[in-house]
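Me: Please take a close look at one strand residue of this protein and tell me what surrounds it. After that, work outward from it at a pace that suits a first-year student.

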Amino acid sequence: MVDSDGSPANPLGSLTITFDDDMPSATAEAAQNVNEGSTVTGQLDYVVGADGASVTALNGVALVFNPDDSNYSQEVDIGGGYLKVTAAGAYSYRVVENTPAGLDSATFTVTDADGDSVTQGISFN
């Protein structure tokens, strides 16, 4: 091997390549008070990272988004009510009437384009 002026080049050396594959991050949502028979809406707090990301599961249930329902997922039963979300993190929680008072909680999972995921919680009183 020679360099541009014809001198022998040292073939020994190293090349280091580092990938910074940041993953999404999410923050647990504070418990919200919801009256019986009511619906509360909001936005899940997460950061997508370099690969982009979306909400992919509630309580481990893979989500299917419905364009006829403003791109919300199917409702997931979390005890005293039903929670649904959009891929972008908007949520709607509907309390079932005649449900005993108590804390309902769920987990949401955010997954990026190369499969990195993070799970956090959301709860309602």
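Reply: If we set aside its neighbours within four places in sequence, Q120 is in contact (heavy atoms within 4.5 Å) with six residues, namely A26, T27, A28, A106, T107 and F108. Before going further, please keep in mind that this is a predicted model, in which local features need a pLDDT (the predictor's confidence in each residue, from 0 to 100) of at least 70 and side-chain atom pairs count only at pLDDT 80 or more, while totals for chains, interfaces and linings use all residues. Residues are numbered from 1 along each chain as its sequence is written, and side-chain values use heavy atoms, with hydrogens and water left out.

Q120 belongs to strand β12, which covers residues 117-124; strands (E, at least two residues) and helices (H or I, at least four) are DSSP runs, numbered from the N terminus. With a relative accessible area of 26%, Q120 counts as partly exposed, because buried means under 20%, exposed means over 50% and partly exposed is what lies in between (1.4 Å probe, protein chains only). One of its partners, A26, shows how the chain returns to an earlier stretch: Q120 and A26 are 94 residues apart in sequence, and yet their C-alpha atoms are 6.3 Å apart in space.

A second residue, M23, tells a similar story from the other side of the sequence. M23 is found in the segment before β1, and at a relative accessible area of 42% it is partly exposed. The C-alpha atoms of M23 and A113 are separated by 9.5 Å, although their positions lie 90 residues apart along the chain. Leaving aside neighbours within four places in sequence, the contacts of M23 are G49, D112, D116 and S117.

These two residues can be placed in the whole protein, which has twelve strands and zero helices. Its radius of gyration (taken over C-alpha atoms) is 23 Å, well over the 14 Å that the globule rule (2.2 Å times the number of residues to the power 0.38) gives for 125 residues, so the protein is more spread out than a compact globule. Along the principal axes, its C-alpha atoms fill a box of roughly 85 × 30 × 20 Å. Of the 125 residues, 31% are buried. When contacts between residues at least 6 apart in sequence are considered, 52% of them join residues at least 24 apart.

Charged side chains also bring separate stretches of the chain together. Side chains of opposite charge can pair when their charged atoms come close. By the rule for a salt bridge (a side-chain nitrogen of Lys or Arg within 4 Å of a carboxyl oxygen of Asp or Glu), the count comes to two. In one of them the side chains of D69 and K84 meet, at 2.9 Å from N to O. This pair links distant parts of the chain, with D69 in the loop between β6 (65-66) and β7, and K84 in strand β9 (residues 81-85), 15 residues apart. The partners differ in their surroundings, since D69 is partly exposed at a relative accessible area of 27%, whereas K84, at 14%, is buried.

The other salt bridge joins E75 and R94, whose closest N and O atoms are 2.9 Å apart. Here too distant parts of the chain are linked, as E75 sits in the loop between β7 and β8 (76-77), and R94 in strand β10 (residues 90-95), 19 residues apart. E75 is partly exposed at 38% relative accessibility, and R94 is partly exposed at 33%.

Two loop residues deserve a look at their backbone. N59, in the loop between β4 (53-58) and β5 (61-62), has a phi near 50 degrees, a positive value in a residue other than glycine. S70, in the loop between β6 and β7, has a phi near 55 degrees, again positive in a residue other than glycine. N59 is partly exposed at 37% relative accessibility, whereas S70, with a relative accessible area of 55%, is exposed.

Finally, a word on confidence: the protein averages a pLDDT of 89, and 93% of the residues score at least 70. Confidence is lowest in β1, at a mean of 92, and highest in strand β7 (residues 72-73), at 98.
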